[in-house]
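Please open the model in your viewer and keep the sequence panel beside it, since each stop on this tour begins with a selection. Take the stops in order, and turn the view freely at each one.

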Amino acid sequence: MEISAHVRGAGVAGSDNELGGGRVGSKGAGQGVLARAGPQQQDLHGPSLARQTWVTTVGVAGVLGCVPVSRFPDQHPSKGPTGDLRNVPVRRAYSTSLPSCLPRSDDGSMDSRDDILARVRGCYGAVRMRDLRLDRTERRQVARLVEANDLLSHPHGVIAVPGTEKAILLARIHGGVVTCRTAARYYGYPTTGPEQPIHIAVPDKRRFAPVRREVLHVERALTPPSPTSFPVAPVDLALARFLRCHPSAEAPLMACDAALHEEDTTSSAIKALLHGPGSARARERLSLASPRSRSPLETLARLQLCRVGVAFEDGVVVPGVGEVDIVVEGWLVLELDGYAYHASEYRFGLDRRRDRELVRRGFGVARFTGKDVRQGKVAQEVPGLLLSRQRHQDEVSKAATNGSAAPRAGHQKAPITRFS
């Protein structure tokens with residue numbers, strides 16, 4: 001099983017040279033580039049899903065960042081490659097104002113060619129020509145830019161700079177927004193499983209034939225996005241559709257757990273949008289989501305415990321120890337260890353001190369690595385661990401009855417939540 005969060009795993013395909021016929025140039029200065037400012041989440045199997053804040057820059061006339069953008073709080077050093085939608089959750093739109101660094105003619109007016117390119121880049125690299133409101137002279141200039149391969153022409157009157165992300169391009173072609181797994185990656189939520197086609201949500205009566213294997217969803221309540229906004233569905237709408245259309249429960253539940261944990265939406269908001277085919281299954285999946293989940297490993301482990309019918313509670317705070325991942329049947333603590341987060345000497349020692357304190361308080365401890373969880377060993381081994389304790393208690397009770405041993409003190413029990 002492959003799990004991806006932010007930049008992990010296979011991502012959305014990059015530039016596409018089959019959507020409009022023109023030659024796709026290489027990425028570089030002077031084209032729209034989506035850049036992030038935010039730390040990569042720690043190893044996927046670490047204990048937390050940190051909120052990410054992202055920023056967008058745009059290259060105009062060979063200068064990165066000369067188009068003003070909205071202010072973003074809590075910016076952090078960037079880490080990793082740029083120019084790929086799966087790396088670049090961007091939650092703000094470009095400013096529609098033009099930069100002062102563009103070349104001007106002798107009379108001080110903006111050069112028409114650079115003006116048009118700047119406006120297209122200001123729409124995240126792709127826009128319908130009608131949204132630019134071009135005059136006759138500007139339309140002729142666009143034709144020359146297309147002929148020179150500085151712009152590429154695509155179906156339904158869309159023009160784009162070379163190297164524009166395929167997801168953005170498809171959203172502009174259909175007049176909609178990216179949704180489902182593509183939107184989850186935009187927001188920085190983890191997913192799992194093999195790569196799938198891009199999913200696009202479109203308003204009613206705007207449904208065109210797919211251009212390249214994209215999946216189209218009609219959302220009648222969807223408002224068409226502004227040309228200068230990033231074409232992505234709202235969190236609750238994207239997750240509701242993700243729960244409905246994905247073949248497995250793991251990927252959408254990972255994304256839902258992350259969104260609920262970060263308080264980006266609520267279960268009730270998602271549930272209100274679950275109507276139509278697949279909604280019954282989606283509501284059942286949503287009932288398993290938990291805002292206490294701090295990592296995709298916890299999501300997978302919870303699903304495995306649900307399938308074997310074991311009662312558990314996640315995110316339990318044990319006095320003197322702190323929060324533990326999962327408590328099964330009130331006494332068995334499951335700790336799920338991602339390698340990168342737990343590999344340091346400090347963290348390794350801290351985990352062992354926590355284990356000893358849990359034993360002193362009457363709990364049993366079972367640790368599973370990320371690989372163990374992905375291979376389904378939680379479902380395979382936990383029922384056996386529970387049975388072994390029962391067998392041991394029966395042996396102690398029998399020995400006490402025979403007078404050869406005294407019964408052991410019972411374990412403390414943490415409150416548990418039973419999932420149907």
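Begin by selecting Ala 311, which lies in the loop between H10 and strand E11 (312–318) of this predicted model. Is Ala 311 buried or exposed? Its relative accessibility is 3%, and because buried means under 20%, Ala 311 counts as buried. Now add Val 327 to the selection: Ala 311 and Val 327 stand 16 residues apart in sequence, while their C-alpha atoms are 8.8 Å apart in space.

Next, select helix H10 (residues 296–307) together with helix H7 (residues 250–261), whose axes come within 9 Å of each other and cross at roughly 125°. That angle makes H7 oblique to H10, and the crossing of the two helices is right-handed. To see what makes the contact, show the side chains of Glu 250, Leu 253, Met 254 and Asp 257 on H7, and then those of Pro 296, Thr 299, Leu 300, Arg 302, Leu 303 and Arg 307 on H10.

Keep H7 displayed and move on to helix H9 (residues 279–286), where Ser 279, Ala 282, Arg 285 and Leu 286 are buried. Looking down the axis of H9, you can check that these residues cover an arc of only 115°, which puts them on the same side of the helix. If you turn to the face of H9 that points away from this buried side, you will find the exposed residues Ala 280 and Glu 284. What covers the buried residues of H9? The cover includes helix H6 (235–245), H7 and helix H8 (267–271), so select these three as well.

For the last stop, select helix H12 (residues 345–360), which has 16 residues. At 1.5 Å a residue H12 should span 22 Å, and the C-alpha atoms at its ends are 23 Å apart, which agrees with that expectation. Colour the buried residues of H12, which are Arg 347, Asp 351, Arg 354, Asp 355, Glu 357 and Leu 358, and then look down the helix axis: the buried residues fall within an arc of 165°, so they line one face of H12. The face turned away from the buried side carries the exposed residues Glu 345, Tyr 346, Val 359 and Arg 360. Finally, step just past the end of H12 to Gly 362, which takes a positive phi of about 90°.

Note on methods
Residues are numbered from 1 along each chain as its sequence is written. This is a predicted model: local features need pLDDT of at least 70, side-chain atom pairs count only at pLDDT 80 or more; totals for chains, interfaces and linings use all residues. Side-chain values use heavy atoms; hydrogens and water are left out. Helices (H or I, at least four residues) and strands (E, at least two) are DSSP runs, numbered from the N terminus. The expected span of a helix is 1.5 Å times one less than its number of residues. Buried means under 20% relative accessible area, exposed over 50%, partly exposed in between (1.4 Å probe, protein chains only). The arc is that of the directions from the helix axis to the C-beta atoms. Axes are lines fitted to C-alpha atoms, for helices over the stretch in contact, and angles run from 0 to 180 degrees between N-to-C directions. Angles under 35 degrees count as roughly parallel, over 145 as roughly antiparallel, 65 to 115 as roughly perpendicular and the rest as oblique. A crossing is left-handed if the near helix is turned anticlockwise from the far one by less than a right angle, and right-handed if clockwise. Contact means heavy atoms within 4.5 Å.
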